[in-house]
Amino acid sequence: MCRPSDRVAQVVTSTQGDPAQFGPDAPGYAWKSAADVDPIELFPGVTIQPLWQGDNGAKALITTIAPGAVWAGEDHHRPGPEEVYVVSGVLNDGVNDYPAGTFLHAPAQSWHIPQSDQGCVLFLFYPQG
């Protein structure tokens, strides 16, 4: 009988890849705990926590919208798209509600007005900055 820990060891030891390129040892591999990033207030009730930024300007961050808070003005997506995952709560884009577990792709040049009646936490990725 194979225990789960044995199976993991088998998978890792049976790889043909260079161990120096594995996971956190790979050049460019990055990780950060959101607990280690102080929130930055963009607007009243809207904060961001930058998690990562690539050499090409791509970036990943957490956005928190407090209950009743609204983005100040239109949020335009330039130069590229915005990828959003609703971690908790309900995001409203000015038209529709998106509950926790929803993924949204907002193409470049699109816009919305993020807000939330009950509050929400979002994971955002900007592949082109």
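## Strands S2 and S3

S2 and strand S3 (residues 59-65) pair up in the antiparallel sense, with seven bridges between them. Keep in mind that this is a predicted model. Two opposite pairs help you find your place along this ladder: Ile 48 stands across from Thr 63 in S3, and Gln 49 stands across from Ile 62 in S3. S2 and S3 make a hairpin with five residues between the strands, and there Gly 57 takes a positive phi near 95 degrees.

How much of S3 is buried? Five of its seven residues are, so the strand is largely enclosed by the rest of the structure.

## One strand back: S1

Now step back towards the N terminus. Strand S1 covers residues 40-43 and pairs with S2 (residues 46-53), again in the antiparallel sense, over three bridges. Phe 43 has Val 46 in S2 as its bridge partner.

These two strands form a hairpin as well, with two residues between them. Gly 45 sits in that turn and has a positive phi of about 85 degrees.

## Across to S9 and S5

S3 is also joined to strand S9 (residues 120-126): the two run antiparallel and share seven bridges. If you want a way in, start at Ala 60, whose bridge partner in S9 is Phe 125. S9 pairs with strand S5 (residues 82-92) too, antiparallel and over six bridges. Phe 125 turns up again here, since Glu 83 stands opposite Phe 125 in S9.

Which side chains of S9 are buried, and which are not? The side chains alternate along the strand. Cys 120, Leu 122, Leu 124 and Tyr 126 point to one face and are buried. Val 121, Phe 123 and Phe 125 point to the other face and are not buried.

## A nonpolar patch on the surface

Phe 123 of S9 also belongs to a surface feature worth a look. Together with Tyr 85, Val 87 and Phe 103, Phe 123 forms a nonpolar patch, and the four have about 380 Å² of accessible area together.

Take Phe 103 as one of the members. This residue lies in strand S7 (residues 103-106). Phe 103 has a relative accessible area of 53%, and the cut-off for exposed is over 50%, so Phe 103 counts as exposed.

## Aromatic pairs

How many aromatic pairs does the structure hold? There are three. One of them is formed by Phe 43 and Trp 71. Their ring centres are 4.9 Å apart and their planes stand at 65 degrees, so this pair is edge-to-face. Phe 43 lies in strand S1, while Trp 71 lies in the loop between S3 and strand S4 (75-76), so the pair ties together parts that are 28 residues apart in sequence.

Is Trp 71 buried or exposed? At a relative accessible area of 16%, Trp 71 is buried, because the cut-off for buried is under 20%.

## Trp 111 and its contacts

Trp 111 is found in strand S8 (residues 111-112). With a relative accessible area of 45%, Trp 111 is partly exposed. Leaving aside neighbours within four places in sequence, what does Trp 111 touch? The contacts are Glu 74, Asp 75, His 76 and His 77.

For His 77 there is also a distance to go with the contact. Trp 111 and His 77 are 34 residues apart in sequence, yet 6.0 Å apart in space, C-alpha to C-alpha.

## The chain as a whole

Zooming out, the chain has one helix and nine strands. Read from the N terminus, the order of elements is α-β-β-β-β-β-β-β-β-β.

Of the chain's 129 residues, 34% count as buried. The chain exposes about 8200 Å², and carbon and sulfur atoms supply 57% of that area. Finally, take the contacts between residues at least 6 apart in sequence: 59% of them join residues at least 24 apart.

Key:
Residues are numbered from 1 along each chain as its sequence is written. This is a predicted model: local features need pLDDT of at least 70, side-chain atom pairs count only at pLDDT 80 or more; totals for chains, interfaces and linings use all residues. Side-chain values use heavy atoms; hydrogens and water are left out. Two strands pair if DSSP finds at least two bridges between them. Helices (H or I, at least four residues) and strands (E, at least two) are DSSP runs, numbered from the N terminus. Buried means under 20% relative accessible area, exposed over 50%, partly exposed in between (1.4 Å probe, protein chains only). Patches are made of residues with over 30% relative accessible area and no salt bridge: like charges are joined within 9 Å, nonpolar side chains (Val, Leu, Ile, Met, Phe, Trp, Tyr) within 5 Å. Accessible areas come from the Shrake-Rupley method with a 1.4 Å probe; for residues, only the protein chains shown count as cover. A salt bridge is a side-chain nitrogen of Lys or Arg within 4 Å of a carboxyl oxygen of Asp or Glu. Contact means heavy atoms within 4.5 Å. Rings of Phe, Tyr and Trp (its six-membered ring) pair if their centres lie within 6.5 Å; planes under 30 degrees apart count as stacked, over 60 as edge-to-face and the rest as tilted.
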